[in-house]
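Please open the structure in a viewer and keep the selection tool at hand. The tour below proceeds stop by stop, from the whole chain to individual side chains.

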Amino acid sequence: MIPTLVEALERARGAEEAGLRLLDRHEEPSWKSWGEVYDGAMGTAGGLASLGVRPGDRVALVFPTCWGFFDAFFGALLAGAVPVPLYPPVRLGRLDEYHRATGRMIEAAGARLVVCDRRVERLLGESVRRGRPALGCRSLERIPRHDGVEAARPRLDDLALVQFSSGTTVDPKPVALDHRAVMSQVVSLNSFWPDEDDTRHSGVSWLPLYHDMGLIGCVFAALERPAVLTLIPPELFVARPAVWLRAIGRYRATVSPAPNFAYGLCVEKIRDEELDGVELGSWRVALNGAETVSPRVMREFCQRFSAWGFRRRAMTPVYGLSEAALAVTFSSPGSEFQVRRLRADRLGAGDRVEPDPGGIEIASVGRPLPGGEIEIRRADGTAAPEGEVGRLWVRGPSLMQGYLGRLEETARVLVDGWLDTGDLGFLLDGELHLAGRAKEIVIVRGRNYAPEHLERAADRLPGVRRGCVVAVSTPVDAGTERVLLFVERDRRATDEEIASVPERIRERVLAATGLAPDEIHLLEPGTLPRTSSGKLRRGETLERHLAGSLAAPEGVGPVFLLRQLVKSRLAFWRGALAGGRDA
């Protein structure tokens, strides 16, 4: 039987050997069993009730990775409220945009109270003013502790949390997830790696706790088992990626997920001497998702870290989205990832994919989770045959209730129990392959190209800032489109490298895709707008360009700390604010 999150926490209390381990910036651990997590949360639950938080109220949470997050998150649940995790301000120079975005999210979630880490409380004033929560904002330390209250008893169809979609083309939407959706997802995830006589699974995660992969995929999965999860502050991983691999080796972790860029960052930044004595043979499931999966990056990671015992078959590409709680499809754990080379110009809706030895590489992201279904549909709504590109629809027990308070938007994407993901994909041998976002497809002379493939071709060239390329198309007149590439320059690039960037990009993109960009715009670092989870906003990039407002650094959206090696961010979380402590 599927438990609620509250029931899962209560069950885990008795497993004293299971819980959370939090590493500080010196990689020194602190520990709390799930029982201690429960006790801390109960004190917060009583305090929230004393402030006037009622069952069903939404409580926005603004925390870095720290113990306070768990007191606040589970405290809200035990009080019968609905937690709404939001990202903290991570770039002091971009607070205006942060306040606009965070104020909108507080308002959209209908949060009655904002609870935050004391280090950011004084930075949230404008966000709170814009969001207008009835009970205002309090740091966790200013919430009175009241023990002896009775834990709430939510039902499976009660809201468990509100998480915001990544919003690559529009403002983030409040995704309402009930206990049944969340725990169905978690039970399905855990079914992929059952404990065995010789293996008790444990995890390591540096992913933010406001991100679905970090919260649902890691924390909740460890809670439901119950198991041990080692947590690394995201900014520590960004500064020293080797910390992640050292923690996996040190604690013999078996499961650890990350977005594709993190594997590439490890290849690029980790020095051999940083892994002295590290052994990665325990790592059985290296989940790769949350953004486009790059076969090249996976191969490079597997090859580079095989010397420390990493096994190629551990690399596990997956696909998911916020509206499905997290994961939709999984590659089979223990099997090597599968890659196809296909014609770049045969990946639009209605196309039948064609093999091409020199074509674009696309990795399989596997099959649906247990209890889930996927279907590729044509424009007329009928099912597409295997090998034909179409719109991806999914169905299963972990789908959202809807977008909170947005009935029309919900009705557009949830139809007869199926969710329109907005992604294009196709099936080969029953496995899902992705071909890009339907709204973002680059169209040239009637042919469709996935922007990721153009971007990937231009990425990593000398003078180009890694992961900072956007490809879009825009109509010129009837039947004519222009392809535009927006590229941030590498801060370390020489003048000679910068001068050669446009021509080298044209050559590389033409060779990889058969398509030559019409315009290449070289931008200052930090110009391209991103979502809170670090994904580039292609639609907003084009809109700002056409409006003449795409300039650096003014107007840049919140850039997620995982992708930025900005010293001011790291200093911020290391105590640059008066009275700051290690996260």
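Begin with the whole chain in cartoon view: its secondary structure comes to 16 helices and 28 strands. The model shown is a predicted one. Along the principal axes, the C-alpha atoms fill a box of roughly 70 × 55 × 55 Å. The radius of gyration is 23 Å, which agrees with the value near 25 Å that a compact globule of 583 residues would have. Colouring by accessibility is instructive here, since 61% of the 583 residues count as buried. Of the contacts between residues at least 6 apart in sequence, 72% join residues at least 24 apart.

**First stop: an open sheet**

Select residues 159-164 and 402-403, which are strands S7 and S20, the edge strands of a sheet, each pairing on one side only. The sheet is open, has 3 strands in the order S7-S8-S20, and its pairing is antiparallel. Strands of a sheet pair through backbone hydrogen bonds, either parallel or antiparallel. Add residues 174-178, strand S8, to the selection: S7 and S8 pair over 5 bridges in the antiparallel sense. One bridge may be located by selecting Phe164, whose partner in S8 is Pro174. Then show residues 179-191, helix H6, which packs on the sheet and touches both S7 and S8. The direction of H6 makes about 80° with that of S8.

**Second stop: aromatic pairs**

How many aromatic pairs does a search of the whole structure find? The search finds 22. A pair of aromatic rings is described by the distance of the centres and the angle of the planes.

Select Tyr87 and Tyr98, an edge-to-face pair with 5.5 Å from centre to centre and 80° between the planes. Tyr87 lies in the loop between strand S4 (82-86) and helix H4 (95-109), while Tyr98 belongs to H4, so the pair ties together parts that are 11 residues apart in sequence. Both Tyr87 and Tyr98 are buried.

Next select Trp193 and Phe330, whose rings form a tilted pair at 6.0 Å centre to centre, with 40° between the planes. This pair links distant parts of the chain, 137 residues apart: Trp193 is in the loop between H6 and strand S9 (203-205), and Phe330 is in strand S14 (residues 327-330). Trp193 is buried, with a relative accessible area of 7%, and Phe330 also counts as buried, at 5%.

A group of rings can be displayed next. One aromatic cluster is formed by Trp206, Phe237, Trp244, Phe261, Tyr263, Trp283, Phe301, Phe305, Trp308 and Phe310.

**Third stop: a residue in strand S11**

Keep the cluster visible and select Ala258, found in strand S11 (residues 255-259). Is Ala258 buried or exposed? Because its relative accessibility is 0%, Ala258 counts as buried. Apart from neighbours within four places in sequence, Ala258 is in contact with Trp206, Met213, Trp244, Tyr263, Leu287, Asn288 and Gly289. For a sense of scale, select Arg130 as well: Ala258 and Arg130 are 33 Å apart in space, C-alpha to C-alpha, and 128 residues apart in sequence.

**Last stop: a charge over two rings**

Finally, select Arg377 together with Trp393 and display the side chains. Arg377 lies over the face of Trp393, at 4.3 Å from the ring centre. Add Trp418 to the view: the charged end of Arg377 also sits over the ring of Trp418, 5.0 Å from its centre.

Methods:
Residues numbered from 1 in each chain as written. Heavy atoms only, no water. Pairing = 2+ DSSP bridges. Helix = DSSP H or I, 4+ residues; strand = E, 2+ residues; numbered from the N terminus. Contact = heavy atoms within 4.5 Å. Axes fitted to C-alpha atoms, helices over the stretch in contact; angles between N-to-C directions. Phe/Tyr/Trp six-rings, centres within 6.5 Å; stacked < 30°, edge-to-face > 60°. Buried < 20%, exposed > 50% of the residue type's maximum accessible area, 1.4 Å probe, protein only. Lys NZ or Arg CZ within 6 Å of the ring centre and 35° of its normal. Rg over C-alpha atoms; globule rule 2.2 N^0.38 Å.
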